[in-house]
Every structure is written in C-alpha cells, then in structure tokens.
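The report below walks through a single protein chain, from selected side chains to helices, a pocket and backbone details. Please keep the model open while reading.

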Amino acid sequence: MSILIFFVVLLVLVMVHEAGHFFAAKISKMRVEEFAFGFPPKLFSKKKGETTYAFNLIPIGGYVKITGEGFEEEERERLKHDKKAFQNRPKILQLFVLIAGVVMNLVLAVLVLTFVYTKPHYVSVNDADYGKYIQNPHVVVVGVSQNSPAYTANIIPGDIVLKMFTQKVSANLDSAQSVIDFVKTHNEESITIVYERPKDGKVSTTTLQAVYGLVDGRKSLGFAVDYAGEVSLPVHKAFIKAVVDTGKFTYLTVAGLGDIVKKLVNGESVMNTLAGPVGIAKMVGGASEAGLTTLLTFVAVLSINLAVFNALPIPALDGGRIVFVLIEAIIRRPLNYKFQYWANSISFLLLIGLILTTTFFDIFR
C-alpha cells in the first residue's frame, strides 16, 4: 500500500511541475511535442492535437518536450524560422516557461497546506500567531530517527505521548522540554512510554533504553516532540499561514542544501542525510500511517524540495537552463550548442548516478 501511495504522490508532484512548463509554453505560443510522466521506454501514449501524452516505464520524473528547446545545432538551424520554436521566442517567455515548473510546485505546497490548516491540525503552543487558540495541548511526536529505539518500537510522527515513567518516577508532560529533561535525567534506566495513534485511537505501551549516537554528547531515545494541540483555521488565515510556512520550508530546504555542500567541501560523508526513491517511499508510507493531514503536509514539503532541487543551477535542471538563457540575454547571442549539449548530458548522467547511489544506501539502511 505504501508503494502505491508513493507512486500516486510522485505522479501528482511530477505532473504539477510539468504542467507548469506545459501551460506556460502554450500561453507563450510554443509547440509542445510531448508531455510525459517517467522516462523511456514508453508504456503507452496518445496524441491529441500537436502534443503526444505519454506514460513511461521509469517513474522517477517526467518531462515536457518543446520544439526548439534541444541543443542540437542542426535542429536549431532547421527551426530558425519556426515561430513556435522555443529558441525563437523572446527571452522573457523562455524564462517564464522554465521557471513555471518551480512556481507550480510552490503553488501546490501553498494549496495543500491551506487545505491542511482548515482541518484540525497540530500547532505548537509556541506558535506566535496561532498557539493562543490551542485548547488541551499535549506532547506530540514530530520526528523519529532511523534505527533508534523509538523507530524500532514503531513510534511515528503524529503519535501522542500520554505517559512516560521509570520504575521509580513519572514524567510531568507539560512541555516538550519536560520530555527532553526526563530522558536526560533517567537515561540509564528503562523508560516506559504510553502513546496513542490518533489515526485509529489505538493506545500502545513500549519500554525503551536510551542510546548514544543519535544526539551529540548524550543518550537519546531517538524521537523529537512538541507541545501542541489541534487548531482549525478559517480559509483566509489558513492561506496566509500556508504562504508563510511555504516560505519557511523553502528557506530550510535551501539551508539544508547549503549544509550538504559544506560537508562535501570538508570531505564529510552526506549519504546518511540523503534519501532516494526507496527512502522517500518509506517516509511517505510512515506519513500515511500517521493520518491524512500528516501525509498531505509531507506532500507539501516534498513539493517544496522538488521546487528547490529543480531551481539549482545544474544544466540538466530548470535552474541550469535558466542560467543559459540569462547568459544568452546578456551576451545577445546563443551559447555554443555543443557546450550546452555536453553540459546537459553529463549533468543528467550524474543525477542518474546520484539517484542510483541514494537508492543503494536506502536499501542498505
């Protein structure tokens, strides 16, 4: 079931992104030759008008093929008088088409989060704008480290911590800090946790032993918590919060990429911080187990990650193509076609290699 949900989520994210390019190209009066989910070989396709709609075998992305967008010099020469070719449209329209996919993923995140925030959802008591509306807050799990005691015990984000105790004393669960302090104080003892899964109301009990290696300098059970409660917002407030949170998640994603680059520069391994298709599928499955609002929130975060990733200045991605168009606009002539072709091809192969490598580590983990 998790695999099915993952492919549905992937299909939505990719199709929204490519739909941005597709409709922007149509608005810009460019000819769209193909609109495809996945990469070849082709499973089935249907042509409508001047566009072929295809569903391909390798479900790790998608693409929109626009006439004149390629880097082959012979093709560009053949199309130099074609008014519907990408290369012959004004640079501002080329940029509009290239950036549209990223924008659509951010728009999707805003729309999904708006829907989530109109439904009962957890908000931290520390939230400056909405914390005051919370009634009956409680300790909620917001993250679980892989291969931790909490992970092994099947505690997942969204679970509500009802009780924590050792053989001698019980925790006073009146804040997130109270949980942290309790584990710090009693990390040499077995800690029993009673928690509820809101999705089905099931109450479970597990006994854990804190371990080193999850948090620097001390033992930990491997889960993060917040002191939060449920709030439902009116649509206009939900939309405002969704826009703000999309901005925050985007910033955090960019900052996370910056940390990865720093680690690479310093010669540190980053594979434990990356997830490939298998890892993402597992996370989607965990989010779906926690309930619809958790799953939708995760979809919004994935959409933001896809937007940021595609905006990177790498030739095989939208960001790289945007850089090429900006350079051509500045120098007022086309860049060398062979340079663009090889830069795009090499970058694409490196990205495929990254996907295969992260998939290997996902399976290994």
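Leaving aside its neighbours within four places in sequence, which residues is Phe348 in contact with? In this predicted model, the residues in question are Phe39 and Ala316. Phe348 itself belongs to helix H10, and with a relative accessibility of 36% it counts as partly exposed. The C-alpha atom of Phe348 is separated by 41 Å from that of Val211, a residue 137 places away along the chain.

**The chain as a whole**

The chain has 365 residues, of which buried residues make up 43%, and it contains ten helices and ten strands. Along its principal axes, the C-alpha trace spans about 85 × 45 × 40 Å. When contacts between residues at least 6 apart in sequence are considered, 62% of them join residues at least 24 apart.

**Helices H3 and H8**

Helix H3, running over residues 91-118, has 28 residues, and the distance from its first C-alpha to its last is 40 Å, close to the 40 Å expected at 1.5 Å a residue. H3 nevertheless has a bend of about 40°, which is located at Ala100. Helix H8, residues 292-310, has 19 residues that should span 27 Å at 1.5 Å a residue, and its end C-alpha atoms are indeed 27 Å apart. Among the buried residues of H8 are Leu295, Leu296, Phe298, Val299, Leu302 and Ile304, and the polar side chains Ser303 and Asn310 are also listed as buried there. An α-helix has 3.6 residues a turn, so residues three or four places apart point the same way.

**Three buried positions**

Which residues does Asp245 touch, leaving aside its neighbours within four places in sequence? The contacts of Asp245 are with Leu113 and Tyr117. Asp245 is found in helix H6, residues 235-265, and its relative accessible area is 10%, under the 20% limit, so it is classed as buried. Although Asp245 and Ala109 are 136 residues apart along the chain, their C-alpha atoms are separated by 9.4 Å.

Asp82 lies in the loop between helix H2 (73-78) and H3, and its contacts beyond four places in sequence are Arg31, Thr67 and Asn88. Is Asp82 buried or exposed? With a relative accessibility of 17%, Asp82 counts as buried, because the class takes in values under 20%.

Ala150 is placed in helix H4, which covers residues 149-152, and it is buried, with a relative accessible area of 0%. Beyond its neighbours within four places in sequence, Ala150 is in contact with Val144, Ile155, Leu208, Leu221, Gly222 and Phe223. By contrast with these contacts, the C-alpha atoms of Ala150 and Val254, 104 residues apart along the chain, are separated by 29 Å.

**The second largest pocket**

The second largest pocket has a volume of about 250 Å³. Its lining consists of 15 residues, and the closest to the pocket centre are Ile180, Arg218, Ser220, Phe223 and Ala224. At least two lining residues come from each of strand S4 (138-144), helix H5 (176-185), strand S8 (211-215), strand S9 (218-220) and strand S10 (223-231). By type, the lining divides into ten nonpolar residues, four polar and one charged. Phe223, named among the residues closest to the centre of this pocket, is also one of the contacts of Ala150.

**Backbone details**

The peptide bond from Pro40 to Pro41 is cis, with omega near 15°, and Pro41 has its place in strand S1, residues 32-48. Positive phi values occur in two residues that are not glycine, as the table sets out.

| Residue | Phi | Loop | Relative accessible area |
|---|---|---|---|
| Asn147 | near 60° | between S4 and H4 | 54%, exposed |
| Arg332 | about 60° | between helix H9 (318-331) and helix H10 (337-364) | 75%, exposed |

Asn147 therefore belongs to the exposed class, since its relative accessible area of 54% is over 50%. The loop that holds Arg332 leads into H10, the helix in which Phe348 lies.

Definitions and conventions: Residues numbered from 1 in each chain as written. Predicted model: local features only at pLDDT ≥ 70, side-chain atom pairs only at ≥ 80, totals over all residues. Heavy atoms only, no water. Helix = DSSP H or I, 4+ residues; strand = E, 2+ residues; numbered from the N terminus. Expected span 1.5 Å × (residues − 1). Bend = angle between axes of the 7 residues up to and from the residue. Buried < 20%, exposed > 50% of the residue type's maximum accessible area, 1.4 Å probe, protein only. Contact = heavy atoms within 4.5 Å. 1 Å grid on protein atoms, 1.4 Å probe; cavity = no way out; pocket = protein on both sides within 12 Å on 5 of 7 lines; lining within 4 Å. Points joined across faces, edges and corners; volume = space filled by probe spheres on them.
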